[in-house]
Each structure stands twice: as structure tokens, then as C-alpha cells.
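Please study the sequence and the structure shown here. A formal briefing follows.

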Amino acid sequence: MSRYSALGLLRGAFNGQKHWQPAWRDPEPRKSYDVIVIGGGGHGLATAYYLASVHGVRNVAVLEKGWIGGGNTGRNTTLVRSNYRQPQLHNLFEFGLKLWHGLSDELNYNVMFSPRGAMFLGHSDADMAKLAELGDAMRCDGIDADLLTRDQVEKVEPLLDFSRNARFPIEGAVIQWRAGTARHDAVAWGYARAADALGVDIIQKCEVTGFVRDGDAVIGVETTRGRILAARTGICVAGHSGHVAGLAGLRLPIESQTLQAVVTEGVKPMVQSVIMSNSLHCYISQSDKGGVVMGGDPDNWPSYARRGQPTVVEHAIAQAIGLMPALSRLRMLRTWSGVTDMSFDGAPIIGPTPIDNLFLNGGWCYGGFKATPASGWTYAHTLATGTPHALNAPFSLERFMTGATIDETGVGPMPNHR
Amino acid sequence: MTDVAITTLPPAPLHAFEIWSDPHGVAGRFAAAFGADLPALGTSVQAGGLTLIRYEPTVWLVEGDASTLAAVLGDDGALTAIGGGLVRVRLSGSGWRELLSYGGQFDAFAPTFAPGSSAATVIDHVGVRLWVENADSCVAYVPASFGAALVHFWHEMAALVRA
Amino acid sequence: MSGPSRAPDGRENIRFTFDGKEYLARPGDTLAAALLANGVGLVARSFKYHRPRGIMAAGVEEPNALVTVGLGGRAEPNTRATDVFVHDGLIARSQNRWPSLSSDAGAVFGLAAKALPAGFYYKTFFGPAKLWLKYEALIRRAAGMGDAPTKADPDSFAQRSAFCDTLVVGSGPAGLQAALTAAEAGDSVILVEQDAALGGSLLVDPDPALGADWIAQTIARLRELGARILLRTTAAGYWDHNFVTLAERLAEPGAVPSHGFAQRLWHVRAGRVVLATGVIERPVPFTANDRPGVMLSRAVRAYVRRFGVVPGQRVVIATNNDDAYLTAQALREVGAEVVAILDARTQADVPAGFPVHFDARPVAAVGTLHHLTGVTALVGGRTVAFKADLLAVSGGFTPVVHLHSQAGGKLDWNEAAQAFVPGAIAQVCTSVGEVIAPLPAPAVVPAGSPKKSFVDFQNDVSLADIDLAWQEGYRSVEHMKRYTTLGMATDQGKLGNLVALQRVAQEQGVTVPQAGLTTFRPPYTPVTMGLLGGPGARNAGAHVRRIALHDRHDALGPTWQPAGYWFRPRAYPQPGETLGAAALREARAVRGAAGLCDVSTLGKFEVSGPDAAALLEIACATRVANLKPGRGRYTVMLREDGLLMDDGTVWRLGDNRYLLTSSTGGADRMAQHLSYIRQVLRPQMRVSVVNVQEHYAGLALAGPRSSGIIAALTGASAPAHMGVVAAVIAGVPVWVLAASYSGERAFEIHGEATAMGPVWDALLAAVKAAGGSTYGLDAMDLLRIEKGHVVIGAEADGRRGPYDLGLHKMLNPAGGFVGAAGLTRPALTAAGRHRLVGVEAIDGAPIAEGAMLVAREGAKVEGHVTAAGRHVLGEGGIALALLADGPDRLGAEFLATSPTRGMHTRVRVVSPHFYDPAGERYRD
Amino acid sequence: MYQIDCPHCGPRAQSEFTFDRPVEAIVPPDAAAADALQALYTRTNPMGVDDEVWRHTYGCRAWLVLTRDRVSHAIDAVRALGPEALS
């Protein structure tokens, strides 16, 4: 692997940048591996990387039906944070956030993790008490969170509507300064390059079409590029969890839905942090290229189509302009969709399945990107050892039947209400 | 471009008339008592001082003194007062269909949406029930809490569309 | 004289400014045409290297000439000069330059371009994330295009639905003909055109076969047949089931709307869609192919024929197709000199009379900051230099398949035209005209320096960047796009994407279809956010819901509290009184005398019929059927997972008639839930469920004097606790429900909302006479906390079951209710559950709502404070809390800690029933 | 924005409708607990056609079953669910 550095770029100025090697190989699949990870998104690639780097398991294949990072990794709004109320969630995401802070150096790939702060706005005293509760829960577990007064919010985001007669007046916020955004594609590419360098085979255009069974156990997969065997197989396919698990005869507490996002044309900096509001179900940030990135509620019905419903986005935009009126004359450049794996408590599933040697990492709903390092790290542990790490032990598949669900929003078992 | 007047009407007695069994028997008793058929979904009838507008498979909105309907229903349904919760707004003038095209996805120009027709839909995020009173007038039954907001929306749109 | 120009003809009566300098334009000019007419060559700077850029196109595909138009809240950054029609007083400013367009400090990035290849930022700026934040701040300032607006938008936007048999997109000859055919067949037709004039290509290339008046005749006929024709309207998105969104500009960018809306968004449902969207000309890659003075061939023709502008006097044309010869013809008609036609083909049947060179390709454009001065070319392998002030280029034609593709249509590869054309499609949609039959235009191997040959102009993506992406393994077209930022600029790759794919095909030995094609996503061209938000943006898409007695409350000067979309009185402070003091005064009035509170927003359902009780015993987890007429009871409703959905009271108003109340916030959910039970689970039941939430306005009368007030106003003794009677107050029929939330003897009075004014007046007068007060939500909260009543949203936060809240003993032992199955799950009653308790401050200090319960600072969290209050009559902080195994830990001490607020209070665990645990105050 | 052909009202825009659940997840209140939990918590979630319970919530308020393709979004059939007087 040719190391990335400013010096290398300077050297390239004199050789036409001809010295850079491919970021990853394009290998033919081998007959068998110690571990197969199905799904070449950020989570799958991170899993492979940590299998190799932390556990020394290098005989690993990542099977991707299309191109790596082409699913939700490349379609999210790039937010990275750990400000969750439920301890199981904030502990998992915080573990990830710590990894994010050193990720560019670790991977020698600038994933542009930008800790610019992520805030939830409060629009009433009651909101502020709820936000304080969130912050207190985090602080008691050693995670940073601060309450901002209305004036302090205005210092960070002067373009929000601070008028008293605003439909949703701003009373303050809770902010996590260590949270922010990252360059989504770079996360997939950085993990892929680092995993490849450790010997992991990243196999693109290789769709899993079935599982190879030996009694109660899965011993490999059938793919569009032939049969590949493995001691352990991990599903990591986000919105397609239901489909792939179905190939093994599993029915999951997951439904797939469309989530849309929007980016505007680029303008000079106008949004400094990540702005969220639970009352309004919209979130706003600005990319390094200057595009204001926005998202809102999912399309609340099942779909695998990556094709959204326009009025859902229009409603999210109405809310965003309500918060920040100056957005009105920007122009929407693009809207796009991802297929989200909506679990039935809103929390992920990372662990064994009822089928021996088959593991599942899915159910991330619309919040998986931020978890990429933590998801990969814990899934790698689970795949390497056969048992979950303490961080992901609560996120078992059985919890729905036992009742130990982890429901951040308290919505219950209807993913379309989430 | 278009002309439309927006008038909030005074409260009126309104009831939900729901049938849970023997619909044909109820229809027969209604016809006998009022000399008219119970209207089909999406239509209305005016008889005996009452206006019955059907918005749901099993429910009719009744405007007027509904006391005479109890006998029609017998044990096959119930009458429930709902008039306190609905504001009636009349959109009148040649532009009412145009106005209803704003803020919703309802085809107010559909030929089937003729005088006597009814439909429930969403206008500017508010669930409304529409009744075509005549060619030049439509009455909207609007949830009372949203009444002021929707009337404001209609006034705003009407002024801008007219401009 | 060189460069673009136009001889005045006396119609130059529109004044506009560009970068502060005033110019004149003719009616019908685009800003681009007007700038060219005034000899302005340099219009903008590119995104990355800040290279000087002029005007390349004449339509919405323009990648370079982006300006900011308008002022204040109407300022529109990144407006394509080719897509704004000049209006008097238009103010346009260049962007992304400092201090000025001519001397832009950002051009230094161009000097460092060799060290800043595609994706350079992935390879450097390492170190702590905080350090990247510092680099990033500089990058962000350099990036972006126009300045961000800072003001609210003064204009109005509309959203309108429309329905038609046939929607035609594009008004060129094919679109007009399709619209006419459909209209004459009796279809209702909508025809949309993004330009300000109908005719499409006919505006530039009249078709003698159709005749000069054909457009006007066709339009007249269409109007006669009732077709709706929308100009300045872009079909932006093509969605499921033939749903198409149209963005209509009623006022030009930067203009004050002369009347009505600035823009209108059409939501169109079409029976059939006809796409006559035409083609976009491709540029040609060569060194400095981005300079001012390099222009697309058809754009040159458009400026000459439509706008009377001569973009250059000495023109070189570079082409691989026949179409560019029409441009040569047009230039000759206006007296410009065609210096050379560089035709990349080795031979072709072309018009005579032009200096044509076959097997000829441009190598480089040379010029000044503002204008072109010359072109070097490879002609039959020989380098030749031409003096020229304009280089018209045509690399072939890319069909506008965006909408077809958005609609789910497949694309077919047309090798001769080197273009993707519309293929099979499931929606009822056809493409017609040039979009399905682009002119043949063979692939040409570029002759210039790859580093300086741009394919994505705005983002400065060059052929070398495409090559580098492949070299580094970013070979999927999506990887390439994302790695190089190809096609990610505001022109969305309309010009360059196919040129880049051709490069991959040429260099890597694959075909263009193998190289792949990125997905086309809405919108076709960028759409104003304010338009998409529509009128709803004013209230963030959320109307305020007003309670029936809003005006009566408002007269008392309450502080209003948003509760969902509702606004409810929070407290009625007296002059100089704080909210907290007002709430305490109001709560004490309830404890000591009487209080009056509006509870109209509660969910309310009338359930009638022989099966009413049976239905309620499915919805409610408590017994209902054994309720006697005239009696009511507290009840809870569970979700299917066995956790609390809502709570309320159920009242037997008559033999077969019940009233069910539920929480304000859950009313819509409960309506849906009850309908599901009745219609889907129990369709055979003889029952009617009617949502009467808004039909009844409700008033809560609470306090030791309340039963006396009821007796006095109704003329009958008040019902006993949990009894219900029909009564008349102030001449208005009402239901009097003896329910208490406050812990005092109390009543809810529900009556028809439109009639409740006099009831309020009578009750308020009586309450005041009794020494009582109105009370709002804050006082209600103080009272219910002290009484230990749970609230949906606070204690019942969607994660709690009946066991957690001490409600398990009231469950219907017969089961059969929604949630019974979910309740059997073992974790719902396992050790360690967070369960309801009270906590009281050991030293009497206030307790922070939301505080965490820990044994001591730094210890693990064992619970949290769900609602904090104080003793209403006495002193000291009390609160309700959820605590691990809470009821087993009465007497234990904890720290209620709120690090975010710096509040840390020692508390003792107690029963949640702080006030009158035996319920003695419910009796008269 | 689908067009859903309501059996009661005719073709209407999707914005008047709400999705509730797949037909397979209808849980009778008197079902055995194990069956109920299976129905509630495990889904086929097919990448293809499914039968789904929708409601014309902001129209005639009736419940419907849509046979809908979750990839193409084509709606093959719509049928009424629930009691229907005089239908």
C-alpha cells in the first residue's frame, strides 16, 4: 500500500501522480475463507478491517453485489454523533465516536471527520427539560453534552429564526461538540484500502444468491461468482437484511423503507454545525463543498426501490425553512434515497442468528453511518469469537421475543411509525 | 383570474349516522320515511329538512335535526353528535375548484365531482370533507381546531391566485 | 474588434448591472445574451482552481456562467446567466472570487493544480480531528459558489395539483406536435416549456417545411382545445404512477413578482407523459477547453439567430458531426468569418464553401483572461495555429433522458451517436423527437493535455482526473463520480458525464455501456427550496391547533404552551408574577378552594352499540363490561407489544353508550387504533366508534369547593367520585364526569364545543366567587405529581409496561385485550426494571426534571426523574422517578444529578403518592 | 406519490392514505401469545409483491388491502377490508 501524505502529492506534481497504486485489489474469489462478510458497505468493510487488524483474522472475503459503499454508506447525510438517551445506544455510539476521532490516521485515509458539533434544538421549556435529560444521561456515562441558551445557539447558528413569534421558537439546545460529519464515501474507501492491505479480499459484483447448509449450520454461500465456503458468515446488508436473511429461511424484525435526503447547490458557509430538532423531524448541515444537506422522516411504508415520494421531502424542506428562513432561495440540487433496515425497536441487531455460524448485523434504521466503526468493531469481535462483545450483547436478535427491546423513541413495534 | 368567496358558516347540528347491521333494512326504512334513497358513497341527498352526505362506507354526515333518524336506525346503527368539532366553510364563486387545487392533491375539476358530490381529502395538511352544494359553491367541513388556519390559508391563496 | 458583440438596434431599453457596471439589454435577452451583446467575456470563476470562465451554453446546461442575482431575501446565488431573462433593474454579481473577478486570489489554487489532483484531500490533512477542523474551515471558505443568503424570503410560493390525460414536456417541434395530436384526440393536455418561448429548436433552426407561422398556429389551436401551456416551467421530477413535479417561474430570478406568487410548484398526475426533451450538445476535451470564448456550437447559433448576438468575429469550429455546419452557416449570415472547421471525421458529406479540415482536432485554446485569441489544432497529424476569437465546439449530442430514467425507464446505447437513448419503460410514457434520434457523432480521441482538458467544468474535473481515478481503482462509474466529483456540480454533469465515459472507454479498453452510467436523480435542474417548502414554510409545515375557547383564555392573558400542534394555557400569571409563582398560586387554589382548567384537547371517543363494551375490552387492558351505567373508571390502553400506549377514563353514559377519553398527544394514534380494532379485527361487531375529540370542549373543575359549584350550577347534587351525569349548565347540556387528576374532588364538564362559552363563564364566575382560580398546565403538573398520577410522554414514555408503573393489578384477568400477548414476555417483569417511585429532596431543595439517579457522583445511573415538582401546600422538592426495582427500595437515598444544569440534589425514595394516598379528598 | 384506487372513492393520491402493516402481521387479540409475537415481530419483508393493510385515513377512513410491489411500486390490486354498509 502506497502511503498517503502531502509529500506524496507533491511528488506527484512532478510525475503526473502516476505513482499511486490502486486503493484495493480486484481479486478472484477463493474457494473458502475463515469469514465471509456479505455486504461491502462501510459496516462490512469496517468489520473486515477489524477482523484483520484486531483479531488477526485475515482470510476474509467481503462480498458486494454492486460496488463498495454503494448502498446507504454513499447515501446518508454523513452525521456522526453519540447523543442517545438509552445507555446501550450511547455507549455503543460513543465507542464508535472515539474511533472516529482517530480514524483518518488509523486508516491513513482522510475520512474528513469534522467534529463541528451536533445540536438538538429545544422549542419550549418542556423540550429543554427533555434535552437536559438526554445530556444528563450522556454526561453520567462520560459522554460530552452541553446545554446552550438561546443566545449561545445564536452565536453558533446566527441564521436560525430567533424571533419570538416563530412557529417553533428557539429556546436553546443540547450540543455534543465532539459530534459532527464525515465524508461518507471516504469511510468505505478508507476501510477497504486498509482491509485490503491486510489481506482481505474485497470482491465486487458478487451477489449472494443462497446459503450452503450443513444441517443446522451455514458453511458458505452461493454467489453469482460461484460457491464460496466459510467457517463463519456474517450478513451486513442494511436495507436488504430481510431479503438476504430470507435466503437462509430467516424472518427478521425488520422492514425496509425508503429514506430520502436532499442537498442544495453549494454556497459559502452558512451552517456551522449539525442542526436537529425532534419537534420538527428534520436535520440540517453543510458539506465541505458548500451544499446544505438535509433529511427528514422516512417514507413510512415498505419499499426497496430507492425512489421516494416527493411531498415527503417537500415537507422536510418546509420545516427546514421554518427553522432557517435564509434557506429559501437556495436551490435543491439533488434528492436521493436509501433503503433503510427499520428494526422493530429502532435499534440495531448485532449478533448470532438461530442458524449456526450465521451472524447478523442489521436493523440500523436511518442511523447506521455514525456507527460504522463501532458496528465493524463489535461485529468483528462477534465473528472472530462467536460471541458478542459487551457493547453489542444487548443488541441481540432474541430481545424482541424476550421484551428487552431498546427503544430510543418509545414508538414500539411499528417501524412505519418510527 | 378567478373569483371565490370564503365564508365561515355558523354552527349547525351535525351527526354521524352509522349503520352496523342490516343496511338494506335501514335503507328501506329511510326511503319510506324520507321518500329518498340513502346516498351512495361520494354523494348526498337532501330530504325532510336534512342533508345526508356519505363520506365513509358505513357513515353518513347528517346536517339538520337528526332526531327523526333514530327510528330509521332502530338497533342497526347509532347517531352521534359531532357538530361541535366541525367548522363549515363555504367556498363560493366560479373559482372554488381552482382554489381547492392549491395545497392538496385532489382533483376538484373531475367531472364526477359534480353538484351533490362529496369527498374527503387533505388540504394544506388538514383533513377536510367537501360537499358540492351547487355549481358555484362548495362547503368544506373542517376540524374546528384547524378552521382558523385553513381559512387563513384559503384567503392567502385566493388573494395570490386572483392577483 | 474582437470577442462577442451586438450592433444596437434601438430596442436596448432594459437596464441591468453586472458587478456594479450598468449595461443595456433587449427584451427577450437572457442575461448571458445581454452580457455577450455588451462584449463581456469573463463571467465567473471555477470551483476548485478559480479558472476564468465565460459563457459556454445557451440553456440550462450552462456549467460556467453562474452569478448571483437579486438582493436581500430574493438574492439567488448560482443562477445560470443562460437561465435568467433580463428584467429592468436586474442586479447580477459574479461569485467565488476575491477581491474581484479579474484579479482573483483564489487562482493560486490553479498554480498548485499539479499537486491537487482528484481526491487529493483523502491523502493529506492527517492528525487529530480538531486539526482537520481548522484546515476544513479554510477549505469551506474557498469552496461553495455564491454567497449564502442571510435574509428571509419576502415572496410567496404556491403548490398546486393538476390532472391531465397527456403531459408533454418540451415544446420543440416534436413536443408541439404531440400536444396537438393529443388535444385533437380529445385529451386534456398540459404542455410545459422551460424556456420563455415555445418552439424549442425551431427558435434557432426554423423548419421551412413547417412554415413560418406553424408555432403560432399550433399554439392557437392548442389554446382553443383547452390545453394548458406553461412557460418558464421545468419538469423537475418524474415519480411513481406518472406523478410529475413542475417548477414554474412566475417572476425571473432576482425580480420582484409583479403580482401573486414568485413561483408555483405543480403536482401533476398524468394519464400519459410525452417526453420531447431534446438533446444537449457535448463539449470537446482539449487544453484550456474551458476558456471564455469556447462555446458550444448550437449555443453560438442560438446567440446569433435568436438574440442577434455575434459571439465572435473570427471563428474556429471543432466538430465530429454535421450539425456544426449549420452554425457555420449562421455565422456567415451575420458576417462573421469562419476561419476553419476542424472536423474530426476523416470524411463526410458536408456543405461546400467552408474551410473544412478533416481528421482535425483542437489541441489547445489560447487567449487572455477575457477573450480567446487563438486555437491550435492537429490537422491530419500536423499542428496548425489559427487566430480566432471564438471556438465553437460540438462533440455530439446527449439526449435528455433524465426524466425517462427517473421514471424507471431503461436506457439503450446508440453507438453511432455515442449516446444513451430512452429504452423500455413501465410507466405510461413515450419519448419523441431528437431525444430518441440523436445525430451520429463518432468518438474522438482528444489531442490536448489531459490535465488541462476539462470534462466537468464547474468542478474542474479533467481527463487526467478520470485517468487517475481508474489508476487508483475507482472504476465503477459511481466511484469515479464520487472520487473526482464529476457531475456533482450545479449542472449535474449534463455536459461532461458522457465525455468522461468516453475517456474511460478509450483508455481502459471497455465500452461506454460497460463503463456504466450514473443514476439520474431529481430534479432535472435545481429547484428553489422555498418553492418546494411552499406556503407551509411560513409555519414550518405545522398549523397551530386552536382550542374552542381560545379567545376566552386569551382575554385572561395566559402564557401559551405548545402541546403537539395545540396551544394550551400554561399558566395565567398576574402582573409581575413569574410563571413558577403563578403555577404554585393556581395549584394552591385547587388544593384550597377550586380551580378551572381547559382539558378540551383530550382524546374522546363515543362508542355505541350492543358490542360497545366488548370492543372496549379489546382496546382497554382493564375490565369495562362490569361498569355500571353512570359510572366510570381509569383505564390503560396497551400497544401490541404490551407496553403502555395511552391512558384515560372510560364512562358508561347509557346501557350501550360509552365515552372513552385518552391523552391529548395520543388522540390521533388512538383514533387510528380504535378504527383498526373495529374495522380490521372485529368487522362483525355491532358498534359505532366516533371520534368526538373536537366535538366536546372539556373543562376540569377541581378543588374542595367544586362539588358545591356543580350542585349550584346544575341544580342537582354532584355525582360521586367516578360517577357521570347529564346536566345543564348555563342552559347548555353537558356531561359531568366526576374524575380527578389533581387529587381533589373534581369534575370534567364536557359539552358541545361551539356552545361552551357560557358554561366557561358560569364556572369561572363560580370559581372566583369561591376564592379559586383558573389553572394551566404547570399547575396541573404540580398537582398530578404530588398525587402520583402518571402521564403519557413522561412516565409512560413508550418504554414502560403496566408493571413498571404499578398498574399491573388493574389488568383484565380475562385477557383478550390488545397487548396481552406482548405482556407475556419475561423481560417486562424482570428484575432491574425501572419502575415508578416518588423521590423527595432530603434538604428540601428543588429537583431537576430529567436528572439521573445515582448512588453517588460517578456511580452508575439507576434511574431518572420523570417529572419534578414540589409540595403544593408545604415546602420542598418532590418528583416522580423511574428507578431500577424502585418499589423495593423505598427509603434508599440517591443523588438526583443534572450535570448539564449543575443541579445535584440528595433525594430519598418514597411512594409516588405524596398526597392523600387513601383518596379521602374524593369524598364530599 | 402513488395513485391508489380506493374501492370506495376511486383513484386518489397516496397522501390521503397511511400504511399500517403487512397482512401477515394482523394479530387477532385472542391469538396464542407465541403466535401473536411471531406475527408481530417477524416479517417476510419481501423484495417483491406483498399484501399490505393500508387505510384511507384522510379520505373515507376505510381499511384496504393493497397488493403492491415493493420494488416497482406497481399496485396490482386493492380490496376493501372491514364492514361495508350498502356497498
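The points below concern overall form, core and domains.

This is a predicted model, in which local features need pLDDT of at least 70 and side-chain atom pairs count only at pLDDT 80 or more, while totals for chains, interfaces and linings use all residues. Residues are numbered from 1 along each chain as its sequence is written, and chains are lettered from A in the order in which they are written.

**Overall form of chain C**
- Chain C contains 21 helices and 48 strands, which are DSSP runs (helices: H or I, at least four residues; strands: E, at least two) numbered from the N terminus.
- The radius of gyration of chain C, 37 Å, is well over the 29 Å that the globule rule gives for 924 residues, so chain C is more spread out than a compact globule; the radius is taken over C-alpha atoms, and the rule is 2.2 Å times the number of residues to the power 0.38.
- Along the principal axes, the C-alpha atoms of chain C fill a box of roughly 110 × 70 × 55 Å.

**Burial and core**
- In chain C, 62% of the 924 residues count as buried (20 or more other C-beta atoms within 10 Å of the residue's own, with C-beta atoms placed from the backbone).
- The largest nonpolar core (buried Ala, Val, Leu, Ile, Met, Phe, Trp, Tyr and Cys residues joined through C-beta atoms within 7 Å) has 519 residues, and Leu391(C) is among those touching the most other members.
- Helix H4 (residues 144-162) of chain B gives the most to this core, with 10 residues.

**Domains of chain C**
- An automatic or database domain assignment includes domain 4 (604-692) and domain 5 (827-922).
- The centres of domain 4 of chain C and domain 5 of chain C, taken over C-alpha atoms, are 33 Å apart.

Definitions and conventions: A residue is buried if 20 or more other C-beta atoms lie within 10 Å of its own, exposed if 12 or fewer, and partly exposed in between; C-beta atoms are placed from the backbone.
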